[in-house]
Amino acid sequence: MRGGDGVTAGGKDRGTASVIRRGANLPRVGDFNESVVLDAIRRHPTGLSRVELARATGLSSQTVSNITRRLLDQGVARESGKQPMGNGKPRTLLEIVPASRYALGVHLDPAVITCVLVDLLGTVVAQRSRATPRGGDTDKIAADMAASVSGLVAESGADRDRILGLGIAAPGPIDATAGWVVDPPELHGWGRYPLRDRLSEATGFTAVLDKDVTAAVVAERWTGAATDSRNLLFFYFGTGTGMGMVVDDAVLRGVSGNAGEVGGLGAGCSTRTLVEEAVALGVLGTEYAVTNPADAQRGVERLAAMTAEGDARADGILERLAIRIGRGVCTAATLLDIDTIVFGGPTWHLLADRLLPTIEPMVAGSPFVKATHPTAVVSTTLGANVAAVGAASLVLDSTLSAQPRTLLLT
């Protein structure tokens with residue numbers, strides 16, 4: 001199977017989501033059509049019959065029958081029960097077998113490194129986290145990351161042959177083609193480092209590298225809060241901020257894979273900047289002065305606690321941050337005409353209760369976000385490890401989703 005971003009949407013037979021991709025009854029598209037059918041089944045945990053799959057995907061009954069037989073033989077799908085059809089013969093429902101395939105994900109953040117193993121539905125089976133070591137010994141850090149990945153596989157008991165690959169999420173800038181991390185802020189010594197190839201060689205898994213904000217938005221469309229949206233933004237708040245974008249069910253990466261920087265929208269803010277502002281204003285004491293990203297996280301935790309306790313000055317700092325972010329997402333939502341805005345990242349959960357009540361009415365009342373359709377504003381359902389889950393989702397998406405480029409004849 002191959003994967004990637006989808007094509008046009010199918011109908012809504014028996015609740016079929018509008019994001020299901022349409023197939024093509026053409027020669028040499030077996031892999032594409034197989035991915036279309038698998039994706040349709042995956043999006044419906046209650047199961048779909050072969051008749052419903054044909055209607056939803058636009059494929060012929062014979063094509064669907066042949067594909068589902070292969071999926072059953074591979075153990076990726078299974079028959080899950082019968083659907084009554086009045087006086088007619090009940091239809092057999094098909095569902096995904098979650099443990100039939102797995103994917104690994106690693107998120108390199110300046111404050112924390114997280115490894116996850118997810119099943120075919122994107123559910124986390126096992127995970128590990130550790131503070132990101134300081135200093136410039138990138139080879140040692142990469143070796144430790146590889147050891148964590150291998151240890152995670154061993155302790156999970158997952159069959160290595162069922163693991164599709166390893167996804168890596170890192171802060172930008174990156175060189176997606178070369179697989180390099182290119183000197184990101186707060187990660188000293190990581191200039192043009194070949195992280196993808198180093199981890200692939202050390203673990204034995206095929207690897208893919210992408211920006212953390214892009215990985216996060218892939219996670220949301222695969223298994224998170226936006227699985228039914230074809231046009232969405234993911235606002236990422238970790239050590240830094242960024243935005244992942246999906247338009248017409250296609251992830252936007254840009255010419256170099258570095259789309260998503262939000263400084264030009266006025267919405268950029270690092271945890272270091274936030275805490276340094278609080279220290280400069282005397283809201284936080286000098287004991288919260290930032291020397292590394294882990295220090296900044298501690299300061300953000302204290303700011304959030306002070307705001308919850310009613311400290312007006314701490315609340316003012318977060319209110320100004322919320323307004324900056326709100327203006328940024330309103331601008332992006334207008335530009336891209338999206339219907340869903342998801343917030344998440346390693347730091348978001350600390351501030352969500354304070355920031356969302358300001359951001360939500362800004363989006364709802366924005367003169368730029370026209371009321372031609374509702375715009376949902378939600379927090380991720382995937383927790384603080386959304387970028388690590390996203391890294392694994394990169395593998396699932398690239399190997400299992402339908403990609404129009406697989407239709408090109410070479």
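**Sheets, helix packing and internal spaces in a predicted model**

By class, four nonpolar, two polar and two charged residues make up the lining of the second largest cavity. The structure described here is a predicted model. The residues that line this second largest cavity are Ser35, Leu38, Asp39, Arg42, Leu120, Trp222, Leu400 and Ser401. Helix H1, residues 30-42, gives the most to this lining, with four residues. The space in the second largest cavity is about 40 Å³. Over the whole structure, a search finds two cavities of 30 Å³ or more.

An open sheet is formed by five strands in the order S6-S5-S4-S7-S10, with mixed pairing. Its edge strands are S6 (124-131) and S10 (207-211), and each of these pairs on one side only. From one strand to the next, the twist averages 15°. Strands of a sheet pair through backbone hydrogen bonds, in either a parallel or an antiparallel sense. Strand S7, residues 163-170, pairs with S10 in the parallel sense, over five bridges. Within this pairing, Ala169 has Asp210 of S10 as its bridge partner.

Two helices are placed against this sheet. Helix H6, residues 212-223, packs on the sheet and touches S4, S7 and S10. The direction of H6 makes about 105° with that of S10. Helix H5, residues 195-203, lies across S4 (102-108), S7 and S10. Relative to S7, helix H5 runs at about 145°.

Several backbone features are found in the loops that follow S7 and S9. The peptide bond from Gly172 to Pro173 is cis, with omega near 5°. Pro173 is placed in the loop between S7 and strand S8 (174-175). Asp183 is not a glycine, yet has a positive phi of about 50°. This residue, Asp183, is in the loop between strand S9 (180-181) and H5. Glu186, also in the loop between S9 and H5, has a positive phi of about 70° although it is not a glycine.

A second five-stranded arrangement is also present. Strands S13, S12, S11, S14 and S15, in that order, form an open sheet with mixed pairing. Strand S13 (250-251) and strand S15 (376-379) stand at the edges with a single partner strand each, so one side of each has no neighbour in the sheet. The pairing of S12 with S13 is antiparallel and runs over two bridges. Val247 has Ala250 of S13 as its bridge partner. Helix H6 packs on this sheet, touching strand S11 (232-237), S12, S13 and strand S14 (340-344). The direction of H6 makes about 130° with that of S11. Helix H9, residues 312-336, packs on the sheet as well, where it touches S11, S12 and S14. For H9, the angle between its direction and that of S11 is about 155°. Helix H6 thus has contacts with strands of the sheet that holds S10 and with strands of the sheet that holds S11.

The largest pocket has about 320 Å³ of space. Its lining consists of 20 residues, and those nearest the centre of the pocket are Pro171, Gly172, Pro185, Gly240 and Thr241. Helix H6 and strand S12 (241-247) are the elements that give two or more residues to this lining. Strand S12 gives the most, with three residues. By class, the lining of the largest pocket has seven nonpolar, eight polar and five charged residues. Gly172, one of the residues nearest the centre of the pocket, is also where the cis peptide bond to Pro173 begins.

A further helix contact involves H2, residues 50-57, and H3, residues 61-74. The axes of H2 and H3 come within 9 Å and cross at roughly 120°. The crossing in which H2 passes H3 is right-handed. On the H2 side, the contact is made by Arg50, Leu53, Ala54 and Thr57, and on the H3 side by Ser61, Val64, Thr68 and Leu72. The residues of this contact of H2 with H3 divide into four nonpolar, three polar and one charged.

Key. Residues are numbered from 1 along each chain as its sequence is written. This is a predicted model: local features need pLDDT of at least 70, side-chain atom pairs count only at pLDDT 80 or more; totals for chains, interfaces and linings use all residues. Side-chain values use heavy atoms; hydrogens and water are left out. Two strands pair if DSSP finds at least two bridges between them. Axes are lines fitted to C-alpha atoms, for helices over the stretch in contact, and angles run from 0 to 180 degrees between N-to-C directions. Contact means heavy atoms within 4.5 Å. A crossing is left-handed if the near helix is turned anticlockwise from the far one by less than a right angle, and right-handed if clockwise. Ala, Val, Leu, Ile, Met, Phe, Trp, Tyr, Cys and Pro count as nonpolar, Asp, Glu, Lys and Arg as charged, and the others, Gly among them, as polar. On a 1 Å grid over the protein atoms alone, a cavity is a set of points where a 1.4 Å probe fits but cannot get out, and a pocket is an open set with protein on both sides within 12 Å along at least five of seven lines; lining residues have an atom within 4 Å of a point. Grid points are joined across faces, edges and corners, and a volume is the space filled by probe spheres set on the points.
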